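Biologist: Could you walk me through this structure, step by step?

Modeller: Certainly. Here it is.

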Amino acid sequence: MSAPVIKIENLCTRFDDFVVHQDLNLEVEAGEIVSLVGGSGSGKTTLLRQMLGLERPSSGSVRIFGDDVHKANERQLQQMRNRWGMLFQHGALFSSMSAFENVAQPLRELHTLPEDVVRDVALLKLHMVDISPKDSAKMPSELSGGMIKRVALARALALEPELLFLDEPTAGLDPNLSESFVELIASLRKEMPLTLMMVTHDLDTLFSLSTKIAVLADKHVIAMDTPENVVKLEHPFVQEFFLGARGLRAMQGMHASAVPVDSRGN
């Protein structure tokens, strides 16, 4: 049996006397779409940054592809980063680069690909997210919010990652753009063998995409299960987050819509 794509064991995070995470454990298997949810101040973003190697926990381990992120040297960490993609909440495009140049940048950083291959791959990724060659020449300031998200997604997919991190992927989008972006991610996952780790508070996105939900509360992951099972958990955060009016509407939409996607993307 292959090792989990993400394995977090006994993780603790402290800032002076303030404890954010304590004895936190989490496993994500290949092909899963796991949504991490939690209340304000629960440490979702901190945990995501620890998975990316941008912050170090006080104790415990974070393994990605079987390797400890925080014990890796710079070369090993870069090799891991080449196997994952990251979509930041606001896109985080380089403002001085065109959409095309933003997507080409990670390909050029490999220093192994000829420029004509970089060009073809970048244009292909942009095409996959419905960005035309004409729009690929635009600067980020000339793009709509939805287009910025799609260009950022193309950049995250540039190196054919096995693992994709998504931080609030539909934040700032209106309902129609949010729905189309979720459909885009779902369709891309059918074309590519991706594992997704997503932080989101958007209930429609969560129920549309997730194969599992990880609930972060009381300083650790209190539940990691299918959406149908997680909403049955008798915990104050779960009851408030999932069983309020918005949560009930989102669950009704989930049951009324799509054919479910299993953990292999079928």
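Modeller: We may start with two neighbouring rings: Phe241 is buried, and so is Phe242. Here buried means under 20% relative accessible area, exposed over 50%, and partly exposed in between (1.4 Å probe, protein chains only).

Biologist: What kind of model is this, and how are residues numbered?

Modeller: This is a predicted model, in which local features need pLDDT of at least 70 and side-chain atom pairs count only at pLDDT 80 or more, while totals for chains, interfaces and linings use all residues. Residues are numbered from 1 along each chain as its sequence is written, and side-chain values use heavy atoms, with hydrogens and water left out.

Biologist: How many aromatic pairs are there?

Modeller: The count comes to 4 aromatic pairs. Rings of Phe, Tyr and Trp (its six-membered ring) pair if their centres lie within 6.5 Å; planes under 30 degrees apart count as stacked, over 60 as edge-to-face and the rest as tilted.

Biologist: How is the pair of Trp84 and Phe165 arranged?

Modeller: Trp84 and Phe165 are edge-to-face, at 5.7 Å centre to centre and with 90° between the planes. The pair links distant parts of the chain, as Trp84 is in strand E6 and Phe165 in strand E7 (residues 163-167), 81 residues apart. Strands (E, at least two residues) and helices (H or I, at least four) are DSSP runs, numbered from the N terminus.

Biologist: Are Trp84 and Phe165 buried or exposed?

Modeller: Trp84 counts as buried because its relative accessibility is 7%. Phe165 is buried too, with a relative accessible area of 0%.

Biologist: Why is the pair of Phe241 and Phe242 called edge-to-face?

Modeller: Their ring centres are 4.9 Å apart and their planes stand at 90°, so the pair is edge-to-face. Ring pairs also link Phe207, Phe237, Phe241 and Phe242 into a cluster.

Biologist: Changing topic, how many salt bridges does a search of the whole structure find?

Modeller: The search finds 11. A salt bridge is a side-chain nitrogen of Lys or Arg within 4 Å of a carboxyl oxygen of Asp or Glu.

Biologist: Which residues does Lys7 meet in this way?

Modeller: Lys7 meets Glu9 at 3.9 Å, N to O, and Glu27 at 3.8 Å. Lys7 lies in strand E1 (residues 6-15) and Glu27 in strand E2 (residues 18-28), so their pair ties together parts that are 20 residues apart in sequence. Lys7 is partly exposed at 25% relative accessibility, as is Glu27 at 36%.

Biologist: And what is the partner of Glu115?

Modeller: Glu115 forms a salt bridge with Arg108, the closest N and O atoms being 2.5 Å apart. Glu115 is partly exposed at 42% relative accessibility, and Arg108 is partly exposed at 26%. Elsewhere, salt bridges that share partners join Lys7, Glu9 and Glu27 into one network.

Biologist: One more residue, please. Where is Ser98?

Modeller: Ser98 sits in the loop between strand E6 (84-87) and helix H3 (99-108). Ser98 counts as buried because its relative accessibility is 11%.

Biologist: Which residues is Ser98 in contact with, leaving aside its neighbours within four places in sequence?

Modeller: Ser136, Ala137, Lys138 and Met139 are in contact with Ser98, where contact means heavy atoms within 4.5 Å. The side chain of Ser98 also reaches the backbone nitrogen of Glu101 at 3.1 Å.

How values were computed. Polar contact = N/O pair within 3.5 Å; in protein donor to acceptor, adjacent residues only side chain to side chain.
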